[in-house]
Amino acid sequence: MQLRLDQLQAHLQRELRPLYTLHGDEALLVQEACDAIRAAARAAGHAERTVHTVAGAHFDWGELLGAAQALSLFADKRLIEIRIPGGKPGKDGSEALQRYCEHLGDDLVTIVVLPRLDKTAQSSGWFTALDGAGVTVRIDPIERKLLPGWIAQRLSAQGQRVQGGEEGQRTLAFFADRVEGNLLAAHQEIQKLGLLYPPGELSFEQVEVAVLNVARYDVFKLSEAVLAGQVARVLRMLDGLEAEGEAAVLVHWTLAEDIRTLKRVKDALLAGRPLPMALREQRVWGLKEKLFERVLPRLSDRSVDALLDAAQVCDGLVKGLRHPDWPAEPWAALRRLALMVVEAVSVPVSPREASGRWLALRA
C-alpha cells in the first residue's frame, strides 16, 4: 500500500499497520514521518523500541530476525526500526527482509528507513516484499516552486500568516530564497518566528529581520534553474555554490553535460527519432524532461553548436587556461556560460548575442 506523505497522518488516525517503509533524502520530513508513526505505535501500546542500523556488509541479519521473533521482556508490544542508510541491503539482507515480511505479527510494528531509491531498487524483490506487506511512503523534497506554500502552511500551523495579496507573496518568496535547499533550517527559522512574534499576521519587515540566509544549493538544482531560464536564481545559486567552496570543475561539468545532451537530442530529432524516444535514450526524465521539451524548440542547431564551443572554452578556463575574450576568473566564466544558456533557452536569440548581452550586464 503506497501513501503520499500528506496522507500519512490521516491514515495513522484510522489504523496502524505492522510495517512502514519510508524512503527519501529530506531528513526533516523523514524524521517527522518517523515521529508520527512512533507516536501512533506508543498510543497503541508499543512501548519497547529497538533500532538496527545496517552499516556495511557485516551487519548481522540473523540477529535482526531473532530480535523480531523473540518475546519481549518488558512489554507485550514492540517497535523495531531498521535503518539502511546506503539503500542496498545486499544479497543476505534482501533474503532476510523478505523472510522478515513473512512473519509480521500484531505485537510488532516495524519502520524501515531508506534513502531515495531509483526505479531499479524499487523493482527489487526485497522492496517489493516490503511494499506488499505494509505501507510505503515516498518522501520527496520540497521543490523551490512549492516552498512558499510549504512555509505558509507551517506558519499557519503555529498560528501565524503573512499579509494577503502581492505583499504576502513577496514575503514568502523572500523567505524561500533565504532557506532554499535547507529544509531543516527552514523549519528552524519558522519556529524562530513563532518565538519572536505573537500569533497573527507577519509583515515583510519582521520576516526580513528575523530570517537568516541559510540557503544551500547543489549543482543539479542549478542545472534545472538554468534550463528554466531563471536568471536571478541562477546568479544567486552560483554565488552560493562559490561561497560554499563547491568545485568550479563540477559546476562546469553539470552545465556542459546539459549542453551536450541538448546537442545529442537535437541530432536524434534530425535523424527522425520521436522526442520521447530521444529523451529516453539520453536518460532525460522527470522535471528535466519537461524542461527539455520546452527549450528544444527554441534552440537552433547553430545555437547549440555555439554553446558547445563556449562550454569548451569555459572548460579550459576552470582548469587554469586563459582566453582573450573571456574572464580569467573561473567563477566569472561560469556565470557567463550559465547566462548564455539561460538566454538561449529563454528567447530565440543566438548564443553570440547572449554573450554580448552578458558582457553588457557585467560592464
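**Exercise 1. Work out which residues sit on the face of helix H1 turned away from its buried side, and which ones line the buried side.**

Step 1. Start outside: Asp 6, Gln 13 and Arg 14 are the exposed residues on the face of H1 that points away from its buried side. Here "exposed" means over 50% relative accessible area, "buried" under 20%, and "partly exposed" in between (1.4 Å probe, protein chains only). Helices are DSSP runs of H or I with at least four residues, strands are runs of E with at least two, and both are numbered from the N terminus.

Before going on, a word on the model: it is predicted, so local features need pLDDT of at least 70 and side-chain atom pairs count only at pLDDT 80 or more, while totals for chains, interfaces and linings use all residues. Residues are numbered from 1 along each chain as its sequence is written, and side-chain values use heavy atoms, leaving out hydrogens and water.

Step 2. Now look inside: within H1 (residues 5–14), the buried residues are Leu 8, His 11 and Leu 12. They share one side of H1 because they span an arc of only 95° around the axis, taking directions from the helix axis to the C-beta atoms. The general rule behind this is that an α-helix has 3.6 residues a turn, so residues three or four places apart point the same way.

Step 3. Find the partners: the buried residues of H1 pack against strand S1 (2–3), strand S2 (19–23), helix H2 (27–43) and strand S6 (135–138). Contact here means heavy atoms within 4.5 Å.

**Exercise 2. Find what the salt bridge between Glu 180 and Arg 233 ties together.**

Step 1. Check the pair: the side chains of Glu 180 and Arg 233 form a salt bridge at 2.3 Å, N to O. The rule asks for a side-chain nitrogen of Lys or Arg within 4 Å of a carboxyl oxygen of Asp or Glu.

Step 2. Place both ends: Glu 180 is in the loop between helix H8 (165–179) and helix H9 (183–196), and Arg 233 is in helix H12 (residues 231–243), so the bridge ties together parts 53 residues apart in sequence.

Step 3. Check burial: Glu 180 is buried at 5% relative accessibility, and Arg 233 is buried too, at 12%.

**Exercise 3. Do the same job for Lys 263 and Asp 305.**

Step 1. Their closest N and O atoms are 3.0 Å apart, and the pair forms a salt bridge.

Step 2. Lys 263 belongs to helix H13 (residues 248–270) and Asp 305 to helix H16 (residues 301–318), so this pair ties together parts 42 residues apart in sequence.

Step 3. Lys 263 is partly exposed at 22% relative accessibility; Asp 305 is also partly exposed, at 33%.

Step 4. Zoom out: the count by this rule is 25 salt bridges, and Asp 35, Arg 38, Arg 49, Glu 81 and Arg 83 are linked in a network of them.

**Exercise 4. Say what is unusual about the phi of Arg 283, and where this residue is found.**

Step 1. Recall the background: most residues other than glycine have a negative phi.

Step 2. Arg 283 is not a glycine, yet its phi is positive, about 60°.

Step 3. Arg 283 is in the loop between helix H14 (275–281) and helix H15 (287–295), and it is exposed, with a relative accessible area of 62%.
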